[in-house]
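Me: I've got a model open and I'd like to talk it through with you. Shall we go piece by piece?

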Amino acid sequence: MNFSIHFAGKHLVRYIVPMMALVLAGCSSTPSKKDRSLEHAPRKQVERVAYNGSPAVAATQAKTMLVGQVYIRDRVNGGDRTGAYLDVVLNPVSSVSNQWYQEVCRAGKVLNGQADQRYVRDAFYAKTNDFGQFAFTSVPVGEYFLTSRLYWIDTKPMSGPVEYGGLLSKKVSLVAGTNAFDLNDADRCRGYFH
């Protein structure tokens with residue numbers, strides 16, 4: 001009896017081990033499904049225009065304030081996603097910011113070359129709080145592009161982690177007093193949003 005168990009065990013090992021190897025090999029060769037909604041063609045590149053400043057904002061002495069919130073409607077899980085501790089940029093309207101808005105935000109292209117340091121210096125920057133709220137105090141009255149990025153990661157059963165959200169931007173006109181403008185999915189940059 002002892003001999004037959006040992007003999008049967010030997011045969012089981014001989015058949016089970018190769019079967020397990022085949023099963024594992026089949027698992028590793030199964031093609032994984034990719035989320036094709038995130039793929040896009042290579043982005044078209046555009047030469048950056050020269051920066052000549054923002055004459056309308058530079059000419060005004062009047063100061064104002066801007067408050068708002070960054071959020072996106074989460075259509076997958078429901079509710080709003082607010083952007084905590086995000087950078088928010090208030091960029092004066094100029095030849096360069098107009099080009100950025102039209103070519104990058106609206107058309108999904110890429111600007112070639114380095115941004116002029118004066119262009120970077122002339123922008124105003126703020127951070128959102130825990131609730132995605134931001135404030136710019138004592139900025140000149142005038143026209144600006146208000147911009148931020150809000151992303152989050154979620155999972156799909158067949159493809160794994162997927163990035164949602166993207167770049168948000170809109171043109172705002174700030175007048176004397178307190179101005180209130182939110183950034184949300186109505187302000188999404190089409191080429192940089194999922």
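Me: What should helix α3 span at 1.5 Å a residue, and how far apart are its end C-alpha atoms?
Reply: Keep in mind that this is a predicted model. Helix α3 covers residues 95-106, twelve residues in total. The expected span is 1.5 Å times one less than the number of residues, so α3 should span 16 Å. That agrees with its end C-alpha atoms, which are 16 Å apart.

Me: Which residues of α3 are buried?
Reply: Here the cut-off matters: buried means under 20% relative accessible area. The residues of α3 that meet it are Val 96, Ser 97, Gln 99, Trp 100, Tyr 101, Val 104 and Cys 105.

Me: And which residue with a positive phi follows α3?
Reply: Look just past the end of the helix, where phi is near 75°. The residue there is Gly 108.

Me: On to the strands. In what order do the three strands of the open sheet come?
Reply: The pairing in this sheet is mixed. Strand β2 is joined to β8 by six bridges, running antiparallel, and to β11 by three bridges, running parallel. Each of β8 and β11 pairs on one side only, which makes them the edge strands. That gives the order β8-β2-β11.

Me: By how much are neighbouring strands of this sheet turned against each other on average?
Reply: Direction is ignored for this one, so the parallel and antiparallel pairs can go into one average. The value comes out at 20°.

Me: Which residues of β2 are on its covered face?
Reply: In a regular strand the side chains alternate between the two faces of the sheet. In β2, residues 63-69, the uncovered face has Lys 63, Met 65, Val 67 and Gln 69. The covered face has Thr 64, Leu 66 and Gly 68.

Me: Which residues does Val 67 face in β8 and in β11?
Reply: Val 67 belongs to the uncovered face of β2. Its bridge partner in β8 is Ala 135. In β11, Val 67 stands opposite Ala 180.

Me: Zooming out, what share of the contacts with a separation of 6 or more comes from residues 24 or more positions apart?
Reply: The protein has four helices and twelve strands. Of its 194 residues, 34% count as buried. Among contacts with a separation of 6 or more, the share from residues 24 or more positions apart is 74%.

Key. Residues are numbered from 1 along each chain as its sequence is written. This is a predicted model: local features need pLDDT of at least 70, side-chain atom pairs count only at pLDDT 80 or more; totals for chains, interfaces and linings use all residues. Side-chain values use heavy atoms; hydrogens and water are left out. Buried means under 20% relative accessible area, exposed over 50%, partly exposed in between (1.4 Å probe, protein chains only). Helices (H or I, at least four residues) and strands (E, at least two) are DSSP runs, numbered from the N terminus. Two strands pair if DSSP finds at least two bridges between them. Contact means heavy atoms within 4.5 Å. Axes are lines fitted to C-alpha atoms, for helices over the stretch in contact, and angles run from 0 to 180 degrees between N-to-C directions.
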